[in-house]
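Q: Please take a close look at one part of this structure, the surroundings of a single buried side chain and the core beside it, and then follow the connections outward.

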Amino acid sequence: MKARTVALVLSAVMLFYFIVLGERGLTMVRDGRPAFVLLGIGVLALPLLGAWVLWRELSFGAATQRLAAELEAQDRLPVDDLPRTEKGRIDRAAADAVFDERKAEVEAAPGDWRGWYRLAVAYGDAGDTSRGRRAMRTAIALRSGRTPASQD
């Protein structure tokens with residue numbers, strides 16, 4: 001199953017959950033008893049927080065897809081040709097070599113979103129998801145003309 005399909009199905013399930021949870025929160029608020037009103041307000045906050053997180057993740061995924069499509073159109077999309085172990089994992093030494101190459105590319109042109117995109121992919125190949133997401137957020141910000149958050 002494609003990642004997009006999974007994301008859409010999970011989003012639909014989460015939206016249903018938010019609706020049910022919101023309805024329960026409203027029922028508690030309408031009860032009128034102070035404890036239930038306060039608890040209902042707290043329950044209503046959960047779907048709002050969840051909806052914000054869901055929107056943020058879906059926006060991140062859509063922006064990442066737009067960058068990938070643009071790089072693909074320019075024939076500059078990173079190719080996954082790293083050697084793999086017998087279990088299908090990427091060879092760590094090969095991933096580290098690509099990572100070093102991508103990091104040098106970003107250091108040479110820190111304002112180029114393409115380099116940050118390829119660095120994010122290299123971080124992902126190396127198994128460093130958190131740095132990969134930060135690098136991808138930088139690529140997204142640079143592509144849209146915004147100042148990116150500082151990188152470590």
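A: Once its neighbours within four places in sequence are set aside, Arg102 is in contact with Pro78, Arg118, Leu119 and Ala122. The model is a predicted one, and in it Arg102 belongs to helix H3, where it counts as buried because its relative accessibility is 16%, under the 20% limit.

Helix H3, which spans 92–108, is also one of the elements that supply at least two residues each to the largest nonpolar core, together with H2, helix H4 (113–126) and helix H5 (129–143). That core has 18 residues, and the members that touch the most others are Leu67, Tyr117, Met136 and Ala139. With 7 residues, H4 gives the most to this core. Leu67 illustrates how the members meet: leaving out neighbours within four places in sequence, its contacts are Trp113, Tyr117, Met136, Ala139, Ile140 and Arg143.

One of those partners, Ile140, is found in helix H5 and counts as buried because its relative accessibility of 14% is under the 20% limit. Under the exclusion of neighbours within four places, Ile140 is in contact with Phe60, Ala63, Thr64, Leu67 and Arg146. For a sense of distance, the C-alpha atoms of Ile140 and Arg76 are separated by 16 Å, while the two residues are 64 apart along the chain.

The helix that holds Ile140 can be described as a whole. H5 has 15 residues and reaches 21 Å from its first C-alpha to its last, which is close to the 21 Å expected at 1.5 Å a residue. Its buried residues are Gly132, Ala135, Met136, Thr138, Ala139, Ile140 and Ala141, and what covers them includes H2 and H4. An α-helix has 3.6 residues a turn, so residues three or four places apart point the same way. After H5 comes Gly145, with a positive phi near 85 degrees.

On the other side of H5 in sequence, Gly127 has its place in the loop between H4 and H5, and Gly127 counts as exposed because its relative accessibility is 57%, over the 50% limit. Gly127 and Ala95 are 32 residues apart in sequence, and their C-alpha atoms are 9.1 Å apart in space.

A second loop, the one between H2 and H3, contains Asp75. Asp75 is exposed, since its relative accessible area of 71% is over 50%. Its phi is near 55 degrees, a positive value in a residue other than glycine. Most residues other than glycine have a negative phi.

H2 also takes part in a different feature, the largest pocket, which holds about 500 Å³ of space. Of the 16 residues that line this pocket, those closest to its centre are Ala3, Arg4, Ala7, Leu58 and Gly61. Helix H1 (3–31) and helix H2 (34–73) are the elements that give two or more residues to the lining, and H2 provides the largest share, 8 residues. By type, the lining divides into 9 nonpolar, 4 polar and 3 charged residues.

How values were computed:
Residues numbered from 1 in each chain as written. Predicted model: local features only at pLDDT ≥ 70, side-chain atom pairs only at ≥ 80, totals over all residues. Heavy atoms only, no water. 1 Å grid on protein atoms, 1.4 Å probe; cavity = no way out; pocket = protein on both sides within 12 Å on 5 of 7 lines; lining within 4 Å. Points joined across faces, edges and corners; volume = space filled by probe spheres on them. Helix = DSSP H or I, 4+ residues; strand = E, 2+ residues; numbered from the N terminus. Nonpolar A, V, L, I, M, F, W, Y, C, P; charged D, E, K, R; others polar. Core = buried A, V, L, I, M, F, W, Y, C linked by side-chain atoms within 4.5 Å. Buried < 20%, exposed > 50% of the residue type's maximum accessible area, 1.4 Å probe, protein only. Contact = heavy atoms within 4.5 Å. Expected span 1.5 Å × (residues − 1).
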